[in-house]
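Colleague: Please take a close look at the position that UniProt lists as the active site. Where is it placed, is it buried or exposed, and what is it in contact with?

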Amino acid sequence: MILSTGTPTPSHATQKFLDQEHRLLIDGHWVAPATGKSFEIKNPSDNSTIAHVAEGGQEDINRAVSAARRAFESGPWHTMTASERGKLIWKLADLMEQHIEEFAEIEALDNGKPKAVAQAADVPLAIDLFRYMAGWATKIEGTTIPVSVPYLPGAEFHSYTLREPVGVVGQIIPWNFPLLMAAWKLGPALATGCTIVLKVAEETPLSALRLGQLIQEAGFPPGVVNIVTGFGETAGAALSAHPDVDKIAFTGSTEVGKLIVKAAGETNLKKVTLELGGKSPNVILPDADIPSAIAGAANAIFFNHGQCCTAGSRLFVHRSQFDQVVEGVAEEAKKIKLGPGMHPDTGMGPLVSQIQQDRVCGYLDAGFNEGAQAVVGGKRGDSEGFFVEPTVLVDTHPNMKVIREEIFGPVVAAVPFDDIEEVVQTANNTIYGLAAAVWSKDISHAHRVARRLKAGTVWVNCYNVFDASLPFGGYKQSGWGREMGHEAINLYTQTKAVTVQLS
């Protein structure tokens with residue numbers, strides 16, 4: 001049963017924004033796309049059209065990159081002090097805070113996630129990220145290095161390093177956390193003094209466009225942030241291959257990440273950072289606090305409808321606790337109320353699109369054909385929206401697609417294990433390495449297991465804990481580089497060594 005009655009209408013501010021003509025932000029102006037085309041934005045809860053957005057293409061990317069280059073080389077941004085940059089970023093965060101509910105409604109309508117979740121998590125986390133990065137603007141430092149040059153005896157030198165912005169950055173963000181991913185990308189780039197062309201996901205462009213309006217209101221110089229809406233195969237591909245872009249930062253699937261690497265390598269060998277897919281193991285040891293682990297396992301897979309690169313989609317439970325945990329997670333799944341993102345009682349909204357719904361259901365069909373059983377769920381919802389029931393699978397084996405491949409939906413495969421060596425090897429037996437979790441009352445034991453798991457983030461007795469200060473990224477085919485924390489600053493700067501002869 002999917003909630004439908006009693007769904008609130010958007011606020012006046014949100015509706016006013018939806019009704020606007022949504023153009024491209026290029027060089028400080030909202031401009032029409034070169035093609036003159038637009039495309040529909042759908043509410044995934046009922047497949048209704050909520051807005052029309054400009055369809056940017058290669059010519060628009062060219063214009064945006066040129067604007068970013070001018071802003072980087074000769075605009076006011078070029079001469080601003082680090083303190084002035086930090087103040088602008090902080091002002092943007094303050095403006096966002098004045099519009100928290102509006103952003104939450106836009107995310108609920110555009111992406112399908114519950115408004116309450118967006119208002120409590122997505123938007124505040126995005127604001128916090130900008131404030132964290134605002135503080136970094138004045139803390140980007142070089143070092144002095146004592147040098148000895150053996151082939152110049154008696155000569156004295158003063159050597160030091162500078163960390164300088166990498167330049168014009170192309171950023172491509174996904175549809176699962178539209179506003180938050182925009183913040184993750186924009187924050188460190190702005191703090192370091194880069195200029196940006198942001199290509200947003202075609203499924204969920206609206207919150208980034210609203211953010212663009214606040215970027216203008218905050219007073220960022222023209223061309224510092226350019227926002228292009230459009231499709232990956234046109235606008236995204238053009239940005240990845242553009243010869244005047246110094247760096248590409250991408251969040252999305254591993255398959256598309258490989259295409260971006262190829263495009264970057266074939267043009268100007270631009271720098272690339274990637275935050276890609278995952279098939280994260282969630283390991284419950286026999287001495288775990290089982291009620292907490294059950295709640296954590298449910299959150300790990302059902303948060304954001306399972307549309308998380310970190311989703312705990314492989315649940316490993318010691319055989320002595322397996323039946324209890326599976327039953328507990330299934331009961332948690334049954335409690336989740338499916339409904340529109342704007343409905344106050346919704347616990348899980350729809351998937352972002354019919355394409356994504358069909359993809360997830362295709363994985364379910366493949367799993368059932370290969371012998372998996374659904375303890376709960378396993379079907380698409382009975383409405384016009386793109387709903388999929390929260391699903392717990394058992395009776396899987398390592399060669400199944402539902403075990404090997406990223407589903408990106410509310411589907412978890414529960415697998416029993418007998419000893420630690422077995423589960424560590426099985427957990428690491430994947431092309432991915434983004435996140436993992438361990439549940440145990442023996443904290444020393446948990447630390448030892450955490451060290452052996454090949455993942456960029458390991459949670460102990462918790463799941464999906466994020467903070468602007470924590471670096472985030474993956475091992476193996478889950479990506480290159482780290483977002484957030486001081487490591488993100490390094491990704492948007494490059495080091496220059498300067499040596500001065502004193503005598």
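Modeller: What follows goes from that one residue out to the chain around it. The model is predicted, and every value below is computed from it.

UniProt, in an unreviewed entry, gives Glu275 under "active site". That annotation may be inferred rather than shown by experiment. Glu275 lies in strand β11, which covers residues 271-275. The relative accessible area of Glu275 is 2%; since buried means under 20%, Glu275 counts as buried. Once neighbours within four places in sequence are set aside, the contacts of Glu275 are Phe250, Thr251, Gly252, Cys309, Leu434, Phe472, Ser478 and Glu483. Glu483 on that list is another glutamate.

Now the setting. Strand β11 belongs to a chain with 17 helices and 22 strands. Of its 503 residues, 55% are buried, and Glu275 is one of the buried residues. Contacts across long stretches of sequence are also found in the chain as a whole: among pairs at least 6 apart in sequence, 75% join residues at least 24 apart.

As for overall dimensions, the C-alpha atoms fill a box of roughly 75 × 60 × 40 Å along the principal axes. The radius of gyration is 24 Å, which agrees with a compact globule, because 503 residues packed that way would give a value near 23 Å.

On the outside, the chain exposes about 20300 Å², with carbon and sulfur atoms supplying 52% of that area. The chain carries 42 positive and 55 negative charges, and their mean positions are 4 Å apart.

Notes. Residues are numbered from 1 along each chain as its sequence is written. This is a predicted model: local features need pLDDT of at least 70, side-chain atom pairs count only at pLDDT 80 or more; totals for chains, interfaces and linings use all residues. Side-chain values use heavy atoms; hydrogens and water are left out. Helices (H or I, at least four residues) and strands (E, at least two) are DSSP runs, numbered from the N terminus. Buried means under 20% relative accessible area, exposed over 50%, partly exposed in between (1.4 Å probe, protein chains only). Contact means heavy atoms within 4.5 Å. The radius of gyration is taken over C-alpha atoms; the globule rule is 2.2 Å times the number of residues to the power 0.38. Accessible areas come from the Shrake-Rupley method with a 1.4 Å probe; for residues, only the protein chains shown count as cover. Lys and Arg count as positive and Asp and Glu as negative; His and the chain ends are not counted. The place of a charge is taken as NZ of Lys, CZ of Arg, CG of Asp or CD of Glu.
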